[in-house]
Amino acid sequence: MPTYRFLLILLLGWIFVPMLMADKKEVLPDLINPSTLLVHSDRIYISDKATILIYLLKDYKLIGKFGKKGDGPQEFKPFSNNRLVISIKDNEIHIVSIGKFSRFTLDGRFLGEKRTRDQFGFYRAINNGYIGKRARREGNIRYWMTHLYD
């Protein structure tokens, strides 16, 4: 059992010590329940429930935000734990939420969306579409299914 305690302490040290030793720490008061963080170029994109906030990396200044909870255009239905999947491809922000893929400019201007039949899964933007996987169970057998959307 001592080995496990040592490993846990070592892992916690790798996570928290660099945070404590950082030269600069910032509080972002606009955040309520952040779940996803993505750094791209000179910006930080953070999902907070169903809203995406855009900060400048150099001074952590909030320069924009977009999205809200819902099913309409520019609205998102987050996965469990209020999580949205954010990725950047071809200088566009791709947001995956329950039942759709949405695209925005790097400044948060809406470009379009594509609805899906699939309500769950893990998707990423690739080439001209999206690839994802999800688990399915039939009796005692569990399958991983791959989905491609164009």
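1. A residue counts as exposed here when its relative accessible area is over 50%, and as buried when that area is under 20%. With that in hand, let me start at a loop. In this predicted model, D90 has a relative accessibility of 61%, so D90 is exposed. Its neighbour N91 also passes the cut-off, because its relative accessibility is 52%. Both sit in one loop: D90 lies between β7 and β8, and N91 has its place between β7 and β8 as well.

2. The backbone of that loop deserves a look too. D90 has a positive phi, near 55°, although D90 is not a glycine. For N91, likewise a residue other than glycine, phi is positive and near 55°. As background, most residues other than glycine have a negative phi. I would turn the view to this loop before moving on to the strands that flank it.

3. Now for the overall layout. The protein contains 1 helix and 13 strands. The helix comes at the N-terminal end of the order, and the elements that follow it are strands. Buried residues account for 35% of the 150 residues. The exposed surface of the protein is about 10,300 Å², of which carbon and sulfur atoms supply 56%. Taking contacts between residues at least 6 apart in sequence, 32% join residues at least 24 apart.

4. The loop of points 1 and 2 leads into an open sheet of 4 strands, in the order β7-β8-β9-β10, with antiparallel pairing. Which strands stand at the edges? They are β7 (85-89) and β10 (110-115); each has a single partner strand, so one side of each is left without a neighbour in the sheet. From one strand to the next, the twist averages 20°. Between β7 and β8 there are 5 bridges, in the antiparallel sense. One bridge to check by eye joins S87 to H94 in β8.

5. A further open sheet is built from 4 strands, in the order β1-β2-β3-β4, and its pairing is antiparallel. Here β1 (34-40) and β4 are the edge strands, and each pairs on one side only. Ignoring direction, neighbouring strands of this sheet are turned by 20° against each other on average. β1 and β2 (residues 43-48) run antiparallel and are joined by 6 bridges; L38 has Y45 in β2 as its bridge partner.

6. Staying with that sheet, β3 and β4 pair in the antiparallel sense over 4 bridges. L53 has K65 in β4 as its bridge partner. The two strands make a hairpin with 5 residues between them, and Y60 in the turn has a positive phi of about 60°. That makes Y60 a good companion to the loop residues in point 2.

7. On to the interior. The largest nonpolar core has 11 residues, including Y45, I52, F66, F76, I95 and F104. β3 (51-56) and β8 (92-97) are the elements that give two or more residues to this core. A second, separate core of 9 residues includes F79, I98, A125 and Y149. In general, nonpolar side chains of soluble globular proteins tend to be buried together.

8. If you want one residue to centre the view on in the largest core, I would suggest I95, which belongs to it. Leaving aside residues up to four places away in sequence, I95 touches I52, F76, L84, V85, I86, K100, F101, S102 and F104.

9. The aromatic rings make a pleasant last stop. How many aromatic pairs are there? The count comes to 3. The rings of F66 and F104 have their centres 4.3 Å apart and their planes at 35°, so this pair is tilted; stacked planes would be under 30 degrees apart, and edge-to-face ones over 60. The pair brings together distant parts of the chain, with F66 in strand β4 (residues 62-66) and F104 in strand β9 (residues 100-105), 38 residues apart.

10. Are these two rings buried or exposed? F66 is buried, because its relative accessible area is 8%. F104 is also buried, at 0% relative accessibility. Ring pairs extend the group into a cluster of F66, F76, F104 and F110. Of these, F66, F76 and F104 are listed in the largest nonpolar core.

Methods. Residues are numbered from 1 along each chain as its sequence is written. This is a predicted model: local features need pLDDT of at least 70, side-chain atom pairs count only at pLDDT 80 or more; totals for chains, interfaces and linings use all residues. Side-chain values use heavy atoms; hydrogens and water are left out. A nonpolar core is a set of buried Ala, Val, Leu, Ile, Met, Phe, Trp, Tyr and Cys residues joined through side-chain atoms within 4.5 Å. Buried means under 20% relative accessible area, exposed over 50%, partly exposed in between (1.4 Å probe, protein chains only). Contact means heavy atoms within 4.5 Å. Rings of Phe, Tyr and Trp (its six-membered ring) pair if their centres lie within 6.5 Å; planes under 30 degrees apart count as stacked, over 60 as edge-to-face and the rest as tilted. Two strands pair if DSSP finds at least two bridges between them. Axes are lines fitted to C-alpha atoms, for helices over the stretch in contact, and angles run from 0 to 180 degrees between N-to-C directions. Accessible areas come from the Shrake-Rupley method with a 1.4 Å probe; for residues, only the protein chains shown count as cover.
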